[in-house]
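Visitor: I should like to learn how to read a structure of this kind. May we go through its features one at a time?

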Number of protein chains: 2
Amino acid sequence: MTTRFDASCPVPLAPDERVQLAHGGGGRLTRQLIERVFVPAFDNPALAARHDSAVLTLGGQRVAFTTDGYVVQPRTFPGGDVGALAVYGTVNDLAMAGARSAALSAAFILEEGFALDELHGVVASMRDAAAACGATLVTGDTKVVDRGKADGLFVVTSGVGLVPPGVDVRPARVRPGDAVLLSGDVGRHGIAVLSVRDGLAFESPVESDCAPLDGLVAGLLDAGIDVHCLRDATRGGLATALNEIALDARVGVEVDEARVPICDGVAAACELLGLDPHYVACEGRMVAFVAADDAGRALDVLRGHALGAGAERIGTVTTESVGRVVLRTRVGTHRLLDLLSGEQLPRIC
Amino acid sequence: MTTRFDASCPVPLAPDERVQLAHGGGGRLTRQLIERVFVPAFDNPALAARHDSAVLTLGGQRVAFTTDGYVVQPRTFPGGDVGALAVYGTVNDLAMAGARSAALSAAFILEEGFALDELHGVVASMRDAAAACGATLVTGDTKVVDRGKADGLFVVTSGVGLVPPGVDVRPARVRPGDAVLLSGDVGRHGIAVLSVRDGLAFESPVESDCAPLDGLVAGLLDAGIDVHCLRDATRGGLATALNEIALDARVGVEVDEARVPICDGVAAACELLGLDPHYVACEGRMVAFVAADDAGRALDVLRGHALGAGAERIGTVTTESVGRVVLRTRVGTHRLLDLLSGEQLPRIC
C-alpha cells in the first residue's frame, strides 16, 4: 500500500522524538508522520488526491505512478515471498487507480554477505509474479551496504500504468449510499507471515492471499461499471483501508460484521492470539465502492473471477460518523473500527 | 545511476556465493550480477536499451521511467546530503533520456530509533532540491525496520517524465566520429564524501558537485542539437560512464587526459590516497555524445549554463578497441581505462 497523505490534525514535533516501528505500520502514527513531515514539504494536487497511486497528466494521457518498500520478515511465508509481494503490491496500487499495462522498476538494497542463491530465488519469484499479471519489469538498481547495516534484502518496487479514458477511480468520488464490496476473505497474509515467525504453528495452516488484483479491476471496468473508488487492504487490514477512505472521502462507512468473510484458520489464529481479524493484513483483497444500483452486477463480476469468488457486499457509505468506520456486530450492537496506532504485526510487508 | 543490463559474458553462479560490497559499486561485479541474475529473469526491449531510464510507450506518448536507491554514508557531506542526492540522481537519470516534467516518488526505509529531526532535514533537502529543478514529489511510502536492521535511513526515488517528440537519446545512437563532451570537472562528489568519512581532512576542502542536469539537457535540446546519447557520471566516475557507453553502443572511446578537468582539491586528494580521479564518483556531471559538426555549438550551450561552465570536448568515438575506453595521456602514451570490479569507495551514493 502506498502511503497516502492527510493534512488534518497536525501534531507538533517533540524534540528528540524518534522513529518507532508503528510509524511504518500504516495506522495513525504513519498518518501523523506524513502530516507532520511529508505534507508540509511536498503538498501538491497529485499528493492531495490521497490515492494508492498518484495520477499524473503526461502529454495528455493520465499515468498512474506508485512506489512501495518491502521489508517483510521472514522473506518467505506460506503462499508467497517478498518478491511476489513486491510485484503484486505495486501492480495492485496501480489497479486501485484503474490503471493498466503496468511497467515496474525494482531497487534492491542488499546486505553484504547475502546469499546469491536466495537473491536468485527472489528474482525468479518476481519474474513469475510479473508474468502472472502481464506486468513488465523495465528498470532496476542495486545497492549493497556493509554487513550488519541491513537485514539481508529490501526491495522497493515502483510502477507506472495508463488510466484509460473515462475511468475515474478515487476517494473523492465516494458518495453516501454507495455499496461497499469486499473481494474475498480477510486476514490471510498477516496470519501466514505470523505462522512462520517466532516458530508459531497453527492447527489449520493459512496461506497468504498474496495475488494480483488487476484482473478483478479490469473485469469491473470492462463490464461498464462506474467504480467510484478502490482500495486494497494491506498493512492494517480491512479496517485501516476503510478508515482511510472514510477520512479521505469525508464519509462514514457502516460494515455488517456477519458479511465479512473470514476463513476458519484465520478466525482460530486470531482468537488464540487476541487479534482482531479486521486489522490483520491482506495482500490480495480489495474494497470497491459503487453506486447501490450497480452493487449486484459488480458482485456478479467479482464472483466470476477466481480471485473474487468469495466477494461480498459488506456495507454502505453513510452521512453519519463522518471519517469513521462502524461495525454492526452479529448481536446487533455497534462498535467503532478505529484507526490503530500502528500495525499489530510489524514488518508484515 | 540506474543499473543497466548487459547479457554479454555470463558467468556461472558458484554455490554458496554471497553478495560483496563491490556488487553495488557500479563496476564489473555489478554488471555480472545483472547479467547472471536479472537479465535471465526480466529481459525485454526496454531493459535491452541499456539506458539510465527505461523509455516506455504509454498511450502513444514516450515516458521515461527510472529508479535508484540511496545508501550514502555519511548522510550529510560538503555540498549535499542523501536527500538532495536522491532527488537529483533521479532527475538526472530522466534527463539522460531527454525527458522533461519529472514527477518523483520516494520510498523511505527507516530504522527504529532514527531521529525525526534528521528525517525532517532530509525531507527539507528533498523539497529544496525538487524546487531547484522543477520536479514534483507526487507519491511515497514509509517502512520501519527494527533497531539494528538498517543503517538509519535508506531512500529509493523513482521518477517519470515525458520524452518530447523528436528527441531520441540512447546508447545505440552513438556513432564513430562522435565528439564526447564532458559538462565539468570530475571527482568532486567522491572526494567530498570521503573527506567526512573516517575523519579524513584535506587541505583544500572539496564540495560535492551534486546538482540537477535537466537544465543543461534542455539547453542542448532547445538549441536544436541532435544529442545522440547522454550519461551522468556517478558510481565509478567518468571512466565507468564511458565504459558503459562503449560496451552498450559497441564502439571505442578515446579520451584526451589533458582535456579532462580535475580541480586542485580533487587532484591533491587523489594523489594522497592513490585514487585515479577518472573513477571517482560525480553527482552533477554528464557526458554528451554529438556529431563532430555539432560539437562546437553544443559546447557553447553547455558553457552558457552555470552548471556547464567548465565543459570540455574530451574525446572521440572510434571504431578501434570496441567496448573499451582508451586514455591518451599527457605524455602521449595510451592507457586502458578499464571497468573496475567495484567502486573504489563503497556507499558513495
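Visitor: In which sense do strand E8 and strand E12 of chain A pair, and over how many bridges?

Guide: This is a predicted model, and the pairing is read from its bridges. Strand E8 (residues 179-182) and strand E12 (residues 312-318) of chain A pair in the antiparallel sense, over four bridges. For an individual pair, take A:Leu181: its bridge partner in E12(A) is A:Arg313.

Visitor: What is the order of the strands in the open sheet of seven strands in chain A?

Guide: One reads such a sheet from one edge across to the other. Here the order is E9-E11-E8-E12-E10-E13-E14 in chain A, and the pairing is mixed. Strand E9 (227-232) and strand E14 (334-336) of chain A are the edge strands, each pairing on one side only. From one strand to the next, the twist averages 25°.

Visitor: Which strands stand at the edges of the open sheet of five strands in chain A?

Guide: The five strands follow the order E1-E2-E7-E5-E6 in chain A, again with mixed pairing. Strand E1 (54-58) and strand E6 (136-145) of chain A stand at the edges; each has a single partner strand, so one side of each is left without a neighbour in the sheet. The twist in this sheet averages 20° from one strand to the next. Within the sheet, strand E2 (residues 61-70) and strand E7 (residues 153-162) of chain A run antiparallel and are joined by eight bridges. A:Val63, for example, has A:Leu162 in E7(A) as its bridge partner.

Visitor: Which strands does helix H4 of chain A lie across?

Guide: Helix H4 (residues 116-132) of chain A lies across strand E5 (100-111), E6 and E7 of chain A, and runs at about 160° to E6(A).

Visitor: Into which domains is chain A divided, and how far apart do their C-alpha centres lie?

Guide: Chain A is divided into domain 1 (50-162) and domain 2 (171-336). The C-alpha centres of these two domains of chain A lie 23 Å apart. Their contact takes 21 residues from domain 1 and 27 residues from domain 2 of chain A. On the side of domain 1 that touches domain 2, helix H3 (residues 82-95) of chain A gives the most, with seven residues. By class, that side of domain 1 of chain A has twelve nonpolar, six polar and three charged residues.

Visitor: How many residues does each chain give to the contact between chain A and chain B?

Guide: Chain B gives 69 residues and chain A gives 69 residues. On the side of chain B that touches chain A, E6(B) gives the most, with ten residues. The residues of that side of chain B divide into 36 nonpolar, 22 polar and eleven charged.

Visitor: By what turn can chain B be laid on chain A?

Guide: A turn of 180° with a shift of 0.0 Å along the axis lays chain B on chain A with an RMSD of 0.0 Å. The two copies are thus related as by a two-fold rotation axis. In chain B, the C-alpha nearest the axis belongs to B:Ala150, 2.0 Å from it. Moreover, 100% of the interface residues of chain B are also interface residues in chain A, so the copies meet through the same surface.

Visitor: Where in chain A does pLDDT stay under 50?

Guide: Where pLDDT is low, the predicted coordinates should not be read in detail. In chain A, pLDDT stays under 50 over residues 1-10. Chain A averages a pLDDT of 92, and 95% of the residues score at least 70. For the complex, the predictor gives an ipTM of 0.94 and a pTM of 0.94.

How values were computed:
Residues are numbered from 1 along each chain as its sequence is written. Chains are lettered from A and ligands numbered from 1 in the order in which they are written. This is a predicted model: local features need pLDDT of at least 70, side-chain atom pairs count only at pLDDT 80 or more; totals for chains, interfaces and linings use all residues. pLDDT is the predictor's confidence in each residue, from 0 to 100. Two residues are in contact if their C-beta atoms, placed from the backbone, lie within 7 Å. Helices (H or I, at least four residues) and strands (E, at least two) are DSSP runs, numbered from the N terminus. Ala, Val, Leu, Ile, Met, Phe, Trp, Tyr, Cys and Pro count as nonpolar, Asp, Glu, Lys and Arg as charged, and the others, Gly among them, as polar. Domain bounds come from an automatic or database domain assignment. Copies are superposed by least squares on the C-alpha atoms of residues with pLDDT of at least 70 in both. Two strands pair if DSSP finds at least two bridges between them. Axes are lines fitted to C-alpha atoms, for helices over the stretch in contact, and angles run from 0 to 180 degrees between N-to-C directions.
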